[in-house]
Amino acid sequence: MNIDIKNKKLSDWIKEAADMCRPDDIYVCNGSAEEYNLMIKKLLDHGSAIQLKKRPNSYLFRSDPGDVARVEDHTYISTSSKDEAGPTNNWIDPVQLKETMKGLYNGCMKGRTMYVIPFSMGPIGFPISKIGVEITDSPYVVINMHIMTRVSDRVLELLSTDGDFIPCLHSIGAPLAEGQKDVLWPCAPIEKKYISHFPEENLIWSYGSGYGGNALLGKKCLALRIASAMAKREGWMAEHMLILRLTSPEGKRYHIAAAFPSACGKTNLAMMQPSIPGWRCECIGDDIAWMKVGADGRLYAINPEAGLFGVAPGTSYDTNPMAMDTLKENVIFTNCALTDDGDVWWEGMDGDEPLHAIDWKGNDWTPESKTVAAHPNARFTAPASQCPVICGDWEKPEGVPVDIFIFGGRRSSVVPLVHEAISWDHGVFLGATAASETTAANIGAVGNLRRDPFAMKPFCGYNMGDYFQHWLDMGDRVGDKAPRIFYVNWFRKSDDGKFLWPGFSDNSRVLKWMCERVDGKAVARESAIGLLPKEEDLDVQGIGISGDDMKELMKVDPAEWKAEIPDIEQHFAAFGSRLPERLKKQLEEFKKRLG
Ligand code: OXD
Ligand code: MN
């Protein structure tokens with residue numbers, strides 16, 4: 001081991017992990033540029049990193065074709081009783097799960113180095129920040145954690161001798177026998193993958209996958225699953241939300257936190273450039289918000305992450321110019337295609353398709369190929385600080401005051417472009433019943449409708465019924481200082497299958513209406529599902545959308561909504577006695593309004 005660890009809990013845990021996993025050596029990370037370069041050299045020598053000629057300090061990796069996304073079916077919330085995990089989580093008894101995983105961890109790092117990564121979620125030393133330490137046998141994880149979190153020896157200083165941290169144990173699950181040649185992306189077969197959380201003891205054990213949220217444990221595992229359970233206990237909120245600042249032509253600032261399921265355009269909205277003259281948007285975070293009640297009684301949000309881990313396909317100067325400009329250097333790409341001139345490419349990128357490329361599986365690809373060049377869940381890992389519209393206040397210790405919450409999903413029909421909740425409880429009802437057509441961010445069928453409450457279904461570390469109650473309780477705490485709640489659907493389609501709304505920078509038009517609602521400038525019209533903009537209040541000047549399309553976009557058909565009720569009832573029934581009475585009441589009122 002390269003340094004002495006002064007923190008007792010940490011040194012004991014490192015010893016315990018090393019005795020179990022039996023690595024060849026142990027290296028404690030400090031987050032420096034030299035360390036990053038050292039890991040890159042190791043990965044280049046190993047053959048898994050491909051240096052990109054076109055982008056300075058940027059590298060492409062290709063994963064194993066069986067290790068390309070989060071594995072929700074193999075993700076566990078292991079609480080002492082199944083009821084605490086609730087109906088939306090997979091559960092295994094902690095004693096049994098640890099027994100199984102210890103069997104897997106036994107000798108799993110043979111032939112490899114065990115890296116110890118001290119990191120902070122949230123800037124180091126902030127009151128709301130949390131310290132984690134990830135132990136991993138993957139140098140690819142080390143470089144990604146360098147970008148996505150704050151890895152530093154200052155974290156060890158802060159831990160001192162007796163400070164507390166969240167232990168995050170990770171192994172790719174691919175020990176090497178003496179003399180065995182390594183593969184380019186070592187990992188375990190699907191049946192041996194376990195992404196396990198023990199929220200009662202703030203502990204994470206992940207085995208078998210090297211990809212994204214399965215392996216970069218600060219993100220979904222710590223900052224959402226473990227943090228949501230901590231937040232419930234401690235009276236704050238950990239949410240799957242982007243955070244942005246919108247500034248009006250008069251200079252008034254509005255802070256918006258928005259929850260959408262994976263791959264529904266969160267990163268695009270987070271750094272959107274408004275198409276309406278005079279409005280400005282700055283990004284604070286693109287995936288996770290931690291929120292606390294401030295001294296003035298309002299909710300304040302911080303982004304606990306330091307980087308962007310975005311879906312590459314579909315990202316272009318058209319859809320997200322600020323992301324494209326973020327990706328010019330210092331980026332890790334995973335499962336994108338490689339062009340002949342040494343750049344990355346993915347479906348939906350600007351310009352012509354390359355005439356030839358190497359696809360994400362390492363095979364020759366041409367436009368005639370029947371397969372995609374980049375995997376639909378191909379990703380970029382980039383420092384958030386490189387984003388040209390990162391907000392000057394993105395690392396402010398107290399965070400930013402939230403004015404507006406947005407929920408939404410991908411719905412080709414039924415749900416209008418925007419509606420506003422009638423009250424906080426109704427807003428919680430909208431969040432609790434949010435639904436979306438599934439995408440490639442998770443392994444599984446694409447395009448089915450699933451209820452994804454608050455976009456937290458895969459990320460809530462405790463019983464979702466109690467989580468709904470927590471939202472109601474937080475609303476009671478902030479009272480009339482609560483953010484206003486809206487629901488959007490950018491994805492409604494016409495009968496002939498075309499998107500009705502242009503989206504992207506034109507989404508600013510919808511956000512502007514929300515700001516006018518907050519200021520009491522726009523009067524809404526009532527409908528069974530909530531408050532809708534008056535036609536003249538939604539600024540669609542110059543986007544060439546026809547009156548008929550606008551009507552279709554905003555259509556609320558009570559018959560279609562009535563047809564949703566059995567599904568909502570079934571969704572709610574799963575929570576049994578944990579479903580808050582106040583949400584039952586919301587459903588009853590909704591049914592009455594539908595007639
Ligand atoms: C993500 C996800 O990677 O939600 O952010 O899947
Ligand atoms: Mn996400």
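**View 1. Residues around ligand 1 in the predicted model**. Nine residues surround ligand 1 (a heavy atom within 4 Å), and R70, K220, S262, D287 and R379 come nearest. By class, this shell has two nonpolar, two polar and five charged residues, with Asp, Glu, Lys and Arg counted as charged, Ala, Val, Leu, Ile, Met, Phe, Trp, Tyr, Cys and Pro as nonpolar, and the others, Gly among them, as polar. In this predicted model, local features need pLDDT of at least 70 and side-chain atom pairs pLDDT 80 or more, whereas totals for chains, interfaces and linings use all residues. Residues are numbered from 1 along each chain, chains are lettered from A and ligands numbered from 1 as written, and side-chain values use heavy atoms, without hydrogens and water.

**View 2. Polar contacts of ligand 1**. Each is a pair of N or O atoms within 3.5 Å. A polar side-chain atom of S262 lies 2.5 Å from an oxygen atom of ligand 1. For the side chains of R70 and H240, the distances from an N or O atom to a ligand oxygen are 3.0 Å and 3.3 Å, respectively. The protein covers 91% of the 210 Å² accessible area of ligand 1 on its own (Shrake-Rupley method, 1.4 Å probe).

**View 3. Domain 1 and domain 2 at ligand 1**. Domain 1 (8-30 + 69-234) and domain 2 (238-303 + 394-594) each supply at least three residues to the shell; the bounds come from an automatic or database domain assignment. Their centres, taken over C-alpha atoms, are 32 Å apart. In domain 1, 33 residues are in contact (heavy atoms within 4.5 Å) with 34 residues of domain 2.

Methods: A polar contact is a pair of N or O atoms within 3.5 Å; within protein, one must be able to donate a hydrogen and the other to accept it, and residues adjacent in sequence count only if both atoms are side-chain atoms.
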